[in-house]
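Reader: Hello! I am new to this structure and would love a close look at one part of it. Could you walk me slowly through a single strand and whatever surrounds it?

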Amino acid sequence: MTPRAYQLVIIGLLSALVTQIALLYVPADRLYDVPRPAGVVYAQVISVQVSSTPPPNPQPSPTPSLTPTPAVENLPTPIPTMQPESTPTPAMDLLAQCRRIDALSEYDRVRALSELTWQPDYQGAVVIPSCNLIAGNEPKAVVLHYTGGSLSGATNRFQSPDEASAHYVVDRDGTVYQLVPERYGAYHVNCYSKRSFCLETCPICEDEEGRFVEPYVQSIGIEIVNWGPVDENAEFAGPLYEDYQMAFGHRYWEEYTPEQIAAVKALVEDICARWGIPLDAEHVIGHSLINRKTDPGPALNLFWNRYGVPAREAIWPQP
Ligand SMILES: [Zn+2]
């Protein structure tokens, strides 16, 4: 081959190589001039865009947990109150139970109250629980009342929230109901945080040092189902006691039944024995010695004979 021929062969080989290299960098669609559907290109772009964005977090972002409303069962357990060894220990803390019950709606509250029960202090008492109570009763006296109405009127009231209460209610047939355990105070006598709201002569409105103490944390209260004075009560048709001395300005009073008197006598004697309360007129007293009240009235003659009709000896005759 001549040098000129070599030149031509080399130039030919180089140009072929350049063409091949150039073809590598030309897009296929340009190369073949095939129109590509725009949608496909767009889809590819979209797919690239989607894949180029940060992947969504597959885990749901943790939302801050709301402060849970404490379940009533999770309420802190209050420290149990002290109690004398002579009284039975309820298995649960009644104050915590009652706080839970009082926070319920009316329908649930009534149902929960009907399911609440505890061991009665007095053997044979039927428990009708009331949540109107306070811790720390230190009984120094027994206070007697009449209900001024029916048994159901009294128990309904004592089971209503923020109402009065009593430890016991004694029905006309002698049945004894217990609403509040004796180691808790029941709101059967009340000075409403003011000493002057109770009688100056109240024997259980002060402690040993003469400081004011509510009488409901120094006593056990017994309500006896009885109307009290009935001389203006046209509806009353039961047995009467006529008081010649017209105590509190009333002549006619509902007579307490023999069953009631026997039940009250046994109940008071049991309470006094268990708490070491003297069975006398200074420690077994009527509500009328604490507040400006008329109960239990002259028909219930605790330590004195009645001066009226029918006459009757004292329940606890004094020597
Ligand atoms: Zn009373």
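Author: Happy to; what follows is a tour of strand E7 and its surroundings.

First, a word on what you are looking at. This is a predicted model, in which local features need pLDDT of at least 70 and side-chain atom pairs count only at pLDDT 80 or more, while totals for chains, interfaces and linings use all residues. Residues are numbered from 1 along each chain as its sequence is written. Here pLDDT is the predictor's confidence in each residue, from 0 to 100. The mean pLDDT of the protein chain is 80, and 71% of its residues reach 70 or more. Over residues 21–89, pLDDT stays under 50. Where pLDDT is low, the predicted coordinates should not be read in detail.

The secondary structure of the protein chain comes to seven helices and eleven strands. Helices (H or I, at least four residues) and strands (E, at least two) are DSSP runs, numbered from the N terminus.

Now to E7 itself, which covers residues 219–224. Six of its six residues are buried, so E7 is largely enclosed by the rest of the structure. A residue is called buried if 20 or more other C-beta atoms lie within 10 Å of its own, exposed if 12 or fewer, and partly exposed in between, with C-beta atoms placed from the backbone. For the protein chain of 319 residues, buried residues make up 28%. Look at the side chains of E7 next: Ser219, Gly221 and Glu223 point one way, Ile220, Ile222 and Ile224 point the other way, and all are buried.

What lies beside the strand? E7 belongs to an open sheet of six strands with mixed pairing, in the order E1-E5-E4-E7-E3-E10. The edge strands are E1 (126–127) and E10, each of which pairs on one side only. Two strands count as paired if DSSP finds at least two bridges between them. On one side, strand E3 (residues 141–146) pairs with E7 in the parallel sense over six bridges, and Leu144 stands opposite Ile222. Strand E4 (residues 168–170) is also parallel to E7, joined by three bridges, with Val169 opposite Glu223. Farther along the order, E1 and E5 run parallel and are joined by two bridges; there, Val126 has Tyr177 in E5 as its bridge partner.

Let us stay with E3 for a moment and pick out Ala141, which is in that strand. Ala141 counts as buried because it has 22 C-beta neighbours inside 10 Å. Its C-alpha atom is 6.8 Å from that of Gln218, although Ala141 and Gln218 are 77 residues apart in sequence. Leaving aside neighbours within four places in sequence, the contacts of Ala141 include Ser219, Pro203, Ile204 and Ile285. A contact means that the C-beta atoms of two residues, placed from the backbone, lie within 7 Å.

On to E4 and its residue Tyr168. Without its neighbours within four places in sequence, Tyr168 is in contact with residues including Ile222, Glu223, Val176, Tyr177 and Leu267. The last of these, Leu267, sits in helix H7 (residues 258–275). Leu267 is buried, with 22 other C-beta atoms within 10 Å. Not counting residues up to four places away in sequence, Leu267 touches Tyr122, Tyr168, Val170, Val176 and Ile222. The C-alpha atoms of Leu267 and Tyr168 are separated by 9.3 Å, while the two residues are 99 residues apart along the chain.

Several of these residues meet again in the largest nonpolar core, which has 51 residues. A nonpolar core is a set of buried Ala, Val, Leu, Ile, Met, Phe, Trp, Tyr and Cys residues joined through C-beta atoms within 7 Å. Val142, Tyr168, Val169, Val170, Ile222, Ile224 and Leu267 touch the most other members. The elements that give two or more residues to this core include E3, E4, E7, H7 and helix H4 (94–102). H7 provides the largest share, six residues.

For H4, the buried residues are Leu94, Cys98 and Ile101. Seen down the axis of H4, these buried residues fall within an arc of 60 degrees, so they line one face of the helix; the arc is that of the directions from the helix axis to the C-beta atoms. Helix H5 (106–115) and strand E2 (133–134) are among what covers them.
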